[in-house]
Amino acid sequence: MASVNLEHLAGRRVLSLRGKSVGHIEEIRAERDGDDLVVTEFHVGIFAAFERLSASAIGVAMLDLFGLRHRDCLYRIPWEKLDISDPTRPRLRCTLEQLSHMKAGIDGKGKAWSSNSLRHVMASSVWKIALTVFLCASGVGTVLWYMTGAQPPFSNQDQQFEGPVDVAHGELVFAAGDCASCHATPGQSDRLKLGGGMALASPFGTFRPPNISPDPVDGIGAWTVTDLANALLGGVSPERQHYYPSFPYTSFTSMTAEDVRDLHAYLRTLPKVSGRAPPHDPAILFGIRRSMGIWKMMFFRQGTTSARLDGDPVHDRGAYLVESVSHCAECHSTRNAFGAIKSDTRFAGGIDPQGTGFVPNITQHRLSGWTENDIATMLKTGETPSHGRVGSSMADVVTNTAMLPDSDRQAIARYIKRLPPIATPRP
Ligand code: HEC
Ligand code: HEC
C-alpha cells in the first residue's frame with residue numbers, strides 16, 4: 001500500500017450552498033491500494049454556525065475535492081452519523097479512473113461544478129428546506145402540544161368547594177342537571193344506578209357516558225369535590241385529559257361552587273354500580289382526546305355563560321338553570337361544523353344530536369302562544385297547551401324537571417318566555 005500525500009489540501013475551504021464557506025479541511029490522508037485510493041482520514045473543521053449541516057458539508061467537500069458523490073465510492077461511515085464533535089474518519093474507496101478525475105480536481109485551482117455536483121447542491125438545498133420545515137413544524141407542534149394540554153382549573157387547595165353540604169339540595173341539582181338521563185345504566189328502570197354505557201350518537205361518533213356511581217374502582221367514588229368541579233366546570237379529568245363536549249360541561253361551566261359541592265355530596269349517597277361503560281367510538285378526527293384542546297380553545301371559555309340577566313330574581317334564577325345546570329340550549333340549538341352551538345340561533349331549534357328529527361324552536365318566534373304557566377306546567381307534567389305530551393328526549397328532561405320545586409319551574413318558564421324571537425334556521 002503506497003501512501004498518497006494529500007497534505008496540500010489541508011486548509012482548503014469546504015464550500016457549501018451558493019459557494020458559502022462552511023469550514024475547512026483540517027487533515028486528509030489517503031492510501032493507494034492497487035487500483036484503489038483509500039481515504040483513511042478526513043477531518044473537516046466546520047464553522048459553528050454550520051454545525052447542523054456538517055454531514056452535508058462533508059459531502060460537499062468530497063464533491064469539491066474529488067468530484068465524487070458519496071455514493072460513487074464505498075463510503076464506510078453511515079452518512080447521518082458524521083458528527084464534528086467526534087472527528088470524522090470516512091473511508092473513501094475510489095477506482096483509478098476516478099483517481100485521475102480526482103487529480104484533475106485537485107490540480108485545478110478552480111472548481112468546475114458538474115451536473116452531478118449541481119444535483120448535489122440541489123439535494124442539499126432540499127435537505128436544508130426539509131430541515132427548516134421539520135424544525136418549524138416541530139416548533140409549531142411543541143407549541144400546540146403545550147397549548148392543548150388539559151390544565152385542571154381547580155386544585156385540592158382551593159377553598160371554594162369546602163363548607164357545609166346540603167344533600168337534599170344536591171338532589172335537586174342532580175335533577176335539574178338531567179344527569180340520570182345520560183348516566184343511568186340502560187336497560188333497567190332505576191335512574192339512580194349511574195353505571196353509564198348508554199350510546200349517545202352524534203355526528204362526531206358514538207359516546208358512552210361513563211359510570212359516575214360512587215363505586216371507587218369503576219365509578220367516581222374516589223373523586224374529591226375538586227375532581228368533580230374540574231370535570232363539570234373545566235371539562236378536565238383527574239388524569240388531566242380533556243372531556244368530549246358530548247358531556248355538556250360547556251353549559252355546566254358556570255355552575256356555582258355550592259351546587260357542585262352539594263351535588264358531589266348527593267352523588268356519594270347513590271348505590272355503587274360496578275362495571276365500566278364500553279369505550280367511545282369517536283369519529284376519526286376526534287379519536288385523540290388532545291384534539292379537544294383545540295376545540296376548547298375555539299369554543300369553550302371556562303366559567304362563562306350565555307345567560308342574559310334582567311334584575312328580576314325569578315327570571316335571573318331561570319337564566320342560571322336554563323343556561324347552566326339544565327343546559328336546555330344544548331339540545332334546542334343548531335350547531336356549527338365543529339359541533340359547537342351557533343350563538344345567533346341559540347334556542348331557535350336544531351337537528352336532534354341523536355339524529356332523530358328536529359328539536360323545536362323554543363324562542364318566542366314559535367312559543368308566543370304559550371304562557372309562562374303553560375311552560376311551567378309542561379315542565380311538571382309533560383302536557384303541552386295544544387298537542388298532548390312532549391316525547392322523545394324531552395320526556396326524560398321532564399322526568400327531572402318534575403322533581404324541581406314549583407319556583408324553579410316558574411323561573412325556567414319565565415326565562416324561556418322572555419327569550420327574544422329568532423326564526424328557526426333551516427336544518
Ligand atoms: C347529554 C348527556 C350527559 C349529561 C346530561 C351529563 N353527562 Fe356526564 N358525561 C357525559 C359523557 C358523554 C361523558 C364522557 C365524556 C368523555 O369521556 O370525554 C360524561 C362524563 C362525566 C363525568 C366524568 C366521569 C369520568 O369517569 O371521567 C362526570 C363526573 C359526569 N359526567 C358527571 C355528570 C353530572 C354530575 C351530570 C349532571 C349534572 C352529568 N354528567 C350530565 C354525558 C352527560
Ligand atoms: C336532551 C335534549 C333536550 C334538552 C336538554 C331539553 N329539551 Fe326541550 N325538547 C327536546 C325535544 C326533542 C323536544 C320535542 C319533543 C317532542 O317532539 O314531543 C323538546 C320540546 C320542548 C318544548 C316543547 C316545544 C313544543 O313546541 O312542543 C319546550 C317548551 C321545551 N322543550 C323546553 C325545554 C327547556 C325549558 C329545557 C331545559 C330545562 C329543555 N327543553 C331541555 C329536547 C330537549
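In the predicted model, helices α13 and α15 are oblique to each other, because their axes cross at roughly 130 degrees, a value outside the range of 65 to 115 that counts as roughly perpendicular and not over 145, where roughly antiparallel begins. The two axes come within 8 Å, and α13 passes α15 in a right-handed crossing. On the α13 side, the contact is formed by E372, I375, A376, L379 and K380. On the α15 side, R409, Q410, I412, A413, R414, I416 and K417 take part. By class, six residues of this contact are nonpolar, five are charged and one is polar.

Both helices also contribute to the surroundings of ligand 2. The shell around ligand 2 holds 24 residues, of which S326, C328, C331, S393 and M394 are the closest. At least two shell residues each come from α11 (329–332), α13 (372–381), α14 (392–401) and α15 (406–417). Helix α14 provides the largest share, five residues. The shell of ligand 2 is made up of 13 nonpolar, eight polar and three charged residues.

Ligand 1 is surrounded by 21 residues, and G177, C179, C182, Y243 and F247 come nearest to it. Helices α5 (179–183) and α6 (225–234) each supply at least two residues of this shell. The most is given by α5, with four residues. In the shell around ligand 1, 15 residues are nonpolar, five are polar and one is charged.

Methods: Residues numbered from 1 in each chain as written. Chains lettered and ligands numbered in written order. Predicted model: local features only at pLDDT ≥ 70, side-chain atom pairs only at ≥ 80, totals over all residues. Near = placed C-beta within 6 Å. Nonpolar A, V, L, I, M, F, W, Y, C, P; charged D, E, K, R; others polar. Axes fitted to C-alpha atoms, helices over the stretch in contact; angles between N-to-C directions. Parallel < 35°, antiparallel > 145°, perpendicular 65-115°, else oblique. Left-handed = near helix turned anticlockwise from the far one by under 90°. Contact = placed C-beta atoms within 7 Å.
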